[in-house]
Amino acid sequence: PIGFEPIPYLFNELEQKFKGVATIYPYALSDHSGKTEFHLVKKNPAYSGIKERIYDFKNPQIEIIDVTLSTLDSLIGSDFQVDFIKIDVEGGEFDVLKGAVETIKRSNPIILFEYGKGSAFYYGTQPTELFDFFENTLGYQLYTLKSFYENGASIPKTKFEQLFTDCVEYYFVASKA
């Protein structure tokens with residue numbers, strides 16, 4: 001297993017916890033490499049991300065830290081088979097996917113991702129654009145997490161857009177068609 005955690009103290013905890021079992025990298029994944037500011041939400045680090053967003057609690061206490069960006073494609077060797085990818089990056093999911101195209105095309109992993117209006121908005125990502133990327137670039141179908149496990153019924157673009165717009169569902173699965 002491989003994991004990525006750009007928040008230094010969480011990276012250190014994960015590296016110790018999974019020593020000898022998994023490789024943890026201290027990077028934020030994106031569609032390019034470099035350095036960027038990262039908004040660490042001190043009261044609730046799960047809301048942290050590259051872009052600041054609206055939080056559903058008062059006084060988030062944000063600390064700006066510098067993090068290193070990398071792409072999954074640049075870190076995963078061409079001989080490494082990836083069977084599963086989980087993405088929860090508070091709105092930057094599309095950037096992570098664009099930086100992982102070659103890995104995804106080569107390995108055809110199942111992808112579990114969180115995608116919601118409250119965070120994707122700050123990255124300028126539209127649900128139709130993400131749906132088209134999965135379908136046209138990767139040859140993938142989209143599912144709600146529930147439909148993937150219960151009946152395997154994929155969702156059409158209009159349903160994906162509606163779920164996003166209505167803030168009804170945030171967890172999706174993408175799988176090779």
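These are my notebook entries on the pockets, nonpolar cores, strands and a few single residues of a predicted model.

**Entry 1: pockets**

I began with the empty space, since rolling a probe the size of a water molecule over the atoms shows where such space is left. The largest pocket holds about 1,000 Å³, and I counted 37 residues in its lining, with I2, G3, F4, K86 and I87 lying nearest the centre. When I looked up which elements give two or more residues to this lining, I found β1 (2-4), α1 (8-17), β3 (27-29) and β6 (84-87). The largest share comes from β6, which supplies 4 residues. By class, I noted 27 nonpolar, 5 polar and 5 charged residues in the lining of this largest pocket.

I then turned to the second largest pocket, whose volume is about 240 Å³. It is lined by 14 residues, and those closest to its centre are Y47, R53, E90, E114 and Y170. Here the lining divides into 6 nonpolar, 3 polar and 5 charged residues.

**Entry 2: nonpolar cores**

In soluble globular proteins, nonpolar side chains tend to be buried together, and I looked for such groups next. The largest nonpolar core has 29 residues, and the members that touch the most others are I111, F113, F134 and F160. At least two residues of this core come from each of β6, α3 (93-98), α4 (101-107), β7 (110-114), α6 (127-138), β8 (140-144), α8 (157-165) and β9 (171-176). I noted that α6 gives the largest share, 5 residues.

I followed F160 through its contacts, leaving out residues up to four places away in sequence, and found that F160 touches F113, Y115, P127, L130, F131, L142, I155 and F172. Apart from the largest core lies another, made of 7 residues that include I7, A28, F38 and I65.

**Entry 3: strands**

Three members of that smaller core, A28, F38 and I65, came up again when I checked the strand pairing. Strand β3 runs parallel to β5 (residues 62-70), joined to it by 3 bridges, and the bridge partner of A28 in β5 is L69. Strand β4 (residues 34-41) runs antiparallel to β5, with 8 bridges between them, and F38 stands opposite I65 of β5.

I also traced β6, which pairs with β7 in the parallel sense over 4 bridges; across this pairing, I85 stands opposite I111 in β7. The side chains of β6 alternate along the strand, so that I85 and I87 point to one face and are buried, while F84 and K86 point to the other face and are not buried. I set this beside the first entry, where K86 and I87 were both listed among the residues nearest the centre of the largest pocket.

**Entry 4: single residues**

Which residues does Y27 touch, once those up to four places away in sequence are left out? I found F4, E5, P6, T68, S70 and L75. Y27 lies in strand β3, and the C-alpha atoms of Y27 and E5 are separated by 5.8 Å although the two residues are 22 apart along the chain. Its relative accessible area is 24%, and because buried means under 20% and exposed over 50%, Y27 counts as partly exposed.

I asked whether S48 is buried or exposed. S48 sits in the loop between β4 and β5, and at 7% relative accessibility S48 counts as buried, because that value is under 20%. Leaving aside neighbours within four places in sequence, S48 is in contact with I7, F38, H39, L40, V41 and E90; of these, I7 and F38 belong to the smaller core, while E90 is among the residues closest to the centre of the second largest pocket. From S48 to F4 I recorded 14 Å, C-alpha to C-alpha, across 44 residues of sequence.

T125 is in the loop between α5 (117-120) and α6, and at 5% relative accessibility T125 too counts as buried. Its contacts, again without residues up to four places away in sequence, are F94, Y115, A120 and F164. I noted that Y115 is also touched by F160.

Last, I looked at E135 in helix α6, which is partly exposed at 41% relative accessibility. E135 and E5 are 130 residues apart in sequence, and their C-alpha atoms are 28 Å apart in space.

Conventions. Residues are numbered from 1 along each chain as its sequence is written. This is a predicted model: local features need pLDDT of at least 70, side-chain atom pairs count only at pLDDT 80 or more; totals for chains, interfaces and linings use all residues. Side-chain values use heavy atoms; hydrogens and water are left out. On a 1 Å grid over the protein atoms alone, a cavity is a set of points where a 1.4 Å probe fits but cannot get out, and a pocket is an open set with protein on both sides within 12 Å along at least five of seven lines; lining residues have an atom within 4 Å of a point. Grid points are joined across faces, edges and corners, and a volume is the space filled by probe spheres set on the points. Ala, Val, Leu, Ile, Met, Phe, Trp, Tyr, Cys and Pro count as nonpolar, Asp, Glu, Lys and Arg as charged, and the others, Gly among them, as polar. A nonpolar core is a set of buried Ala, Val, Leu, Ile, Met, Phe, Trp, Tyr and Cys residues joined through side-chain atoms within 4.5 Å. Buried means under 20% relative accessible area, exposed over 50%, partly exposed in between (1.4 Å probe, protein chains only). Contact means heavy atoms within 4.5 Å. Two strands pair if DSSP finds at least two bridges between them.
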